[in-house]
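Let us walk through this model together, from one surface loop to the overall architecture. Please keep the 3D view open as you read.

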Amino acid sequence: MRKFLWMVAVAMMTALSAQAQKIVVMDDDGYGIPLVSVQTEDGILIGMTDLNGELADVKGAAKVAVTHVAYKPKLVTVSSLQNGRIILESVDFGLNEVVVKPKPYLYVEYYFRAFSYIDDSLRVYTAGIIPVGHEIQNKYKGKTHGVWAFGGAANKALTWNTQDLQILGEKAAKQAASSIEQSIRRNKKFQDYYKIGFEADGENKWLVKNPEGVVGNIIHDDGMSITTLDGGRTQIYANKVNGEDKQAKVREEKNYTYQYTEIFKLDDEGKVQRQNFVMAVDHWEHDAKKGKKITILYLYATDKAYYDEKEFKERCKELNKGRSGDMSLSELAEYERAHNIPALSTEQLKAIQTLTKQTGMKK
């Protein structure tokens with residue numbers, strides 16, 4: 001009988017240990033934070049939180065590191081959490097105010113970080129500075145006079161390398177002056193194509209919906225507009241209803257996922273203006289031949305001004321001085337500190353340092 005009870009107890013403990021451990025990452029106002037990167041202590045990617053700030057399973061990790069573009073990173077012991085809740089402290093970027101001047105370019109200096117994983121293993125990392133002049137007379141269409149990207153490592157066996165990630169950073173910078181919240185609320189072509197709309201969900205919070213259900217949310221909090229959209233679900237549904245069956249089939253077969261968050265500063269009237277971009281995070285996933293491919297891109301605005309073309313080119317030249325070739329991680333960190341960008345977490349650095357041993361990237 002004792003042996004039987006012991007066997008039952010062992011079975012019960014085994015079952016309990018196999019249960020999924022959910023976590024919920026929240027801000028200090030109780031809002032769930034989407035697209036938080038959750039990693040092990042060694043920088044192995046466990047997953048990203050969903051639209052509600054939830055991750056269904058930390059896969060047995062005793063400690064998890066949580067990072068987000070707009071919050072201070074945190075390392076927590078899973079067993080110490082109450083109901084799996086993790087509270088993150090927001091980062092104050094202190095980005096300068098931009099006074100409108102009669103000059104043709106809104107100059108924005110962007111800094112990007114990009115990570116590419118196969119399954120949970122980091123394979124490519126790069127970071128860099130992108131100076132962009134958004135043309136005021138032409139609806140802020142992105143016009144890049146120069147792109148300088150530094151740092152990184154690449155595995156040549158992969159189809160994506162540092163150059164591909166730099167191109168993603170450049171594309172994101174060109175698009176950053178167009179707010180997704182404005183498209184959701186006011187762009188009729190966007191609404192008609194994606195069959196998308198929004199509805200109030202309490203004070204200063206809205207749900208973004210298509211006919212299949214909730215696909216995103218908009219939150220106005222502490223002077224910021226935070227918009228998160230499940231772009232993969234939104235895009236596949238739009239493909240189907242707009243007769244783009246081939247695109248929908250390819251995306252479904254590859255288990256394509258794309259989610260992103262944009263953060264803009266609100267003006268004095270509580271509106272989102274193009275010049276007030278602060279930061280963004282993009283997260284892509286799809287099945288590849290070598291495993292699940294995951295790419296995460298972070299984009300920050302580090303400086304803003306109104307320039308004419310001569311001033312813009314002079315600034316680009318100034319940025320390029322002394323920066324021929326790759327910058328080391330320590331040189332990148334110096335730029336990050338100077339512009340109040342959250343440092344890479346210890347766990348992310350561990351993963352990058354493991355990568356440097358395989359690729360010979362400058363430390």
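A good place to start is Asp 92, which sits in the loop between strand 7 (85-87) and strand 8 (105-118). Helices and strands here are DSSP runs (H or I of at least four residues for helices, E of at least two for strands), numbered from the N terminus. The model is a predicted one, in which local features need pLDDT of at least 70 and side-chain atom pairs count only at pLDDT 80 or more, while totals for chains, interfaces and linings use all residues. Residues are numbered from 1 along each chain as its sequence is written, and side-chain values use heavy atoms, with hydrogens and water left out.

Is Asp 92 buried or exposed? With a relative accessible area of 63%, Asp 92 is exposed; the cut-offs are under 20% for buried and over 50% for exposed, with partly exposed in between (1.4 Å probe, protein chains only). Accessible areas come from the Shrake-Rupley method with a 1.4 Å probe, and for residues only the protein chains shown count as cover. Asp 92 joins Asp 28, Asp 29 and Asp 222 in a negative surface patch. Patches take residues with over 30% relative accessible area and no salt bridge, joining like charges within 9 Å and nonpolar side chains (Val, Leu, Ile, Met, Phe, Trp, Tyr) within 5 Å. For this purpose Asp and Glu are negative and Lys and Arg positive, with His and the chain ends not counted, and a charge is placed at NZ of Lys, CZ of Arg, CG of Asp or CD of Glu.

Now for the paired charges. Side chains of opposite charge can pair when their charged atoms come close. A salt bridge is a side-chain nitrogen of Lys or Arg within 4 Å of a carboxyl oxygen of Asp or Glu, and the count comes to 15 salt bridges. One of them joins Glu 54 and Lys 22, at 3.8 Å from N to O. This pair links distant parts of the chain, 32 residues apart: Glu 54 is in strand 4 (residues 54-55), and Lys 22 is in the loop between helix 1 (2-18) and strand 1 (23-26). Both count as partly exposed, Glu 54 at 27% relative accessibility and Lys 22 at 40%.

Turn next to helix 7 (residues 309-320), where Arg 315 and Glu 318 are three residues apart and so separated by about one helical turn. Their side chains meet in a salt bridge of 3.1 Å, N to O. Arg 315 is buried at 16%, whereas Glu 318 is partly exposed at 47%. Glu 109 is linked with these two residues in a network of salt bridges.

For a look at the interior, find Asn 239 in helix 5 (residues 231-241). Asn 239 is buried, at 1% relative accessibility. Beyond its neighbours within four places in sequence, Asn 239 is in contact (heavy atoms within 4.5 Å) with residues including Tyr 193, Glu 244 and Arg 251. Met 327, in the loop between helix 7 and helix 8 (329-338), is also buried, at 8%. The C-alpha atoms of Met 327 and Gly 128 are 8.6 Å apart, although 199 residues separate them along the chain.

Finally, step back to the whole chain. The protein chain holds nine helices and 18 strands, and 49% of its 363 residues count as buried. Among contacts with a separation of 6 or more, 62% come from residues 24 or more positions apart.
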